[in-house]
Amino acid sequence: MNILIVGCGKVGSRVASELSRMGHDVAVVDRSEKRFAMLDEDFSGLTVCGVPIDQDVLKLAGVESCDALAALTESDNVNITVSEVAKELFHVPNVLARIYDPRRETVFAHFGLNTVCPTNLTEAAVISTLTQDFRPEFVSFGENTICFSLVTIPEKYEGAAFREIELEDQVVLGILDESGDLHMPADPQFILTGKCKILVGNRID
């Protein structure tokens, strides 16, 4: 796949690096050239320095022929604008925007934008762990609703890497470590311990 990542911060650089290792054609856009240093040494994709909402910058990064785009900057406004431009002007089939403000996620999802809110995911995961009440929680990704919950790591996965986890009929959304930090799939080398919890999800509509 041709995938465009907008924002080369902590998350964007990890996502781009992992997608590149998986064999995808990846391009990364960021307004600061220095941030490309966060990409792994084996990153083989394209880097484009420029204002992410500039259509010419997106074109230079290959938006016109990409299969998917993830807007992962630190600005909700930038992420939403880039997503709208990619979807409406360049007709990118799969567009995702990271939204920090939980109040915005539902609003923009109603407009047909695929969004993910780390704040909502982390809040639910931490509360469930602190109270030992692992009831299912729900989060919307655009038109889809994901039911997710925290489960104890099976013994066979203790000491294993993130990428080794396989759960029947469930999607691994992240790992909550003993300090309460949430590790996403973009951090595939994270080593599991018995005190970790797996954040798993199922699509319900």
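Helix 1, spanning residues 10-21, lies across strand 1, strand 2 and strand 5 in this predicted model. The direction of helix 1 is at about 165° to strand 1. Helix 3 also packs on the sheet, where its contacts are with strand 1, strand 4 and strand 5. The direction of helix 3 makes about 170° with that of strand 5. The two packing arrangements are set out below.

| Helix | Strands touched or crossed | Angle and reference strand |
|---|---|---|
| Helix 1 | strand 1, strand 2, strand 5 | about 165° to strand 1 |
| Helix 3 | strand 1, strand 4, strand 5 | about 170° with strand 5 |

**The sheet**

The sheet is open and consists of 6 strands in the order 3-2-1-4-5-6, with parallel pairing. Its edges are formed by strand 3 (46-49) and strand 6 (114-116), each of which pairs on one side only. From one strand to the next, the twist averages 20°. Within this arrangement, strand 4 and strand 5 (residues 94-98) are paired in the parallel sense over 4 bridges. Ala70 stands opposite Leu96 of strand 5.

**Nonpolar cores**

The largest nonpolar core holds 19 residues, and Leu4, Val63, Leu69 and Val92 touch the most other members. At least two residues of this core come from each of strand 1 (2-6), strand 2 (25-30), helix 2 (55-60), strand 4 (68-71) and helix 3 (76-88). Helix 3 supplies the largest share, 4 residues.

Which residues does Val63 contact, leaving aside its neighbours within four places in sequence? They are Leu4, Leu58, Leu69, Phe90 and Val92. Of these partners, Leu4, Leu69 and Val92 are themselves named with Val63 as the members touching the most others in the core.

Apart from this core lies another, made up of 13 residues. Its members include Ile5, Ala16, Val28 and Ala70. Ala70 thus belongs to this second core and also faces Leu96 across the sheet.

**The chain as a whole**

The chain contains 5 helices and 11 strands. Of its 205 residues, 47% count as buried. The accessible surface amounts to about 10,800 Å², with 51% of that area belonging to carbon and sulfur atoms. Among contacts between residues at least 6 apart in sequence, 53% join residues at least 24 apart.

Conventions:
Residues are numbered from 1 along each chain as its sequence is written. This is a predicted model: local features need pLDDT of at least 70, side-chain atom pairs count only at pLDDT 80 or more; totals for chains, interfaces and linings use all residues. Side-chain values use heavy atoms; hydrogens and water are left out. A nonpolar core is a set of buried Ala, Val, Leu, Ile, Met, Phe, Trp, Tyr and Cys residues joined through side-chain atoms within 4.5 Å. Buried means under 20% relative accessible area, exposed over 50%, partly exposed in between (1.4 Å probe, protein chains only). Contact means heavy atoms within 4.5 Å. Two strands pair if DSSP finds at least two bridges between them. Axes are lines fitted to C-alpha atoms, for helices over the stretch in contact, and angles run from 0 to 180 degrees between N-to-C directions. Accessible areas come from the Shrake-Rupley method with a 1.4 Å probe; for residues, only the protein chains shown count as cover.
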